[in-house]
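This report takes up the aromatic pairs first and then turns to the fold, a serine and a charged pair.

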Amino acid sequence: MAVARRRGWVYTVALIGGLLIGSLIGKLCEGSQYLWWLGYSIDFGFHLPENVTLDIYIMRLTFSFGVWFQFNVASVLGMLASFLIFRKW
C-alpha cells in the first residue's frame, strides 16, 4: 500500500516538473525565429469581478479570489514527455 502511494506522489511530481520545465522552455523560445511555436500559449481561468473588502477599525484588507492558468505548447509537450518517461520507469 505504501509503495502505491509513493508511486502516485512521484507520478504527480513528475507531471508538475514536466509542466514547469516545458513552460520555461516555451518562455525562452517565444522570441526565437524558428521555435516561436513552442511559446504559443492559451490562458483560461476565472476571477471575481470585484474585490472583497474588509474594513476593520484601523486596517482595510482587500481580497481578490480567482484561478488563472496559462499553458503553452512546450509545457504540454513537457508534461507528455514526463508521462511517457514515467510509464517506462
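## Aromatic pairs

Five aromatic pairs are found in the structure, which is a predicted model. In one of them, the ring centres of Phe44 and Phe69 lie 5.6 Å apart and the ring planes meet at 35°, so the pair is tilted. This angle falls in the tilted class because planes under 30 degrees apart would count as stacked and those over 60 as edge-to-face. Since Phe44 belongs to strand 1 (residues 41-47) and Phe69 to strand 4 (residues 66-72), the pair ties together parts that are 25 residues apart in sequence.

Neither ring-bearing residue of this pair reaches the buried class: Phe44 is partly exposed, with a relative accessible area of 41%, and Phe69 is likewise partly exposed, at 38% relative accessibility. Elsewhere, Tyr11, Phe83 and Phe86 come together as one aromatic cluster.

## Overall fold

The protein is built from two helices and four strands, and their order along the sequence follows the pattern α-β-β-β-β-α. When contacts with a separation of 6 or more are considered, 63% of them join residues that are 24 or more positions apart.

Of the 89 residues of the protein, 13% count as buried. The accessible surface of the protein comes to about 7600 Å², and carbon and sulfur atoms contribute 70% of that area.

## Ser82 in helix 2

Where in the fold does Ser82 have its place? Ser82 lies in helix 2, which spans residues 73-88. With a relative accessibility of 10%, Ser82 counts as buried, because the buried class takes in values under 20%.

The surroundings of Ser82 can be described from its contacts and from the reach of its side chain. Leaving aside residues up to four places away in sequence, Ser82 touches Ala14, Leu15 and Gly18. With Ala14 there is also a polar approach, in which the side chain of Ser82 reaches the backbone oxygen of Ala14 at 3.3 Å; this distance qualifies as a polar contact because the limit for such a pair of N or O atoms is 3.5 Å.

## The salt bridge

The structure holds one salt bridge, in which the side chains of Glu30 and Lys27 meet at 3.9 Å, taken from N to O. The pair qualifies because a separation within 4 Å is required.

Are the two partners buried, exposed or partly exposed? Glu30 counts as partly exposed at 38% relative accessibility, and Lys27 counts as partly exposed at 43%.

Technical notes:
Residues are numbered from 1 along each chain as its sequence is written. This is a predicted model: local features need pLDDT of at least 70, side-chain atom pairs count only at pLDDT 80 or more; totals for chains, interfaces and linings use all residues. Side-chain values use heavy atoms; hydrogens and water are left out. Buried means under 20% relative accessible area, exposed over 50%, partly exposed in between (1.4 Å probe, protein chains only). A polar contact is a pair of N or O atoms within 3.5 Å; within protein, one must be able to donate a hydrogen and the other to accept it, and residues adjacent in sequence count only if both atoms are side-chain atoms. Contact means heavy atoms within 4.5 Å. Rings of Phe, Tyr and Trp (its six-membered ring) pair if their centres lie within 6.5 Å; planes under 30 degrees apart count as stacked, over 60 as edge-to-face and the rest as tilted. Accessible areas come from the Shrake-Rupley method with a 1.4 Å probe; for residues, only the protein chains shown count as cover.
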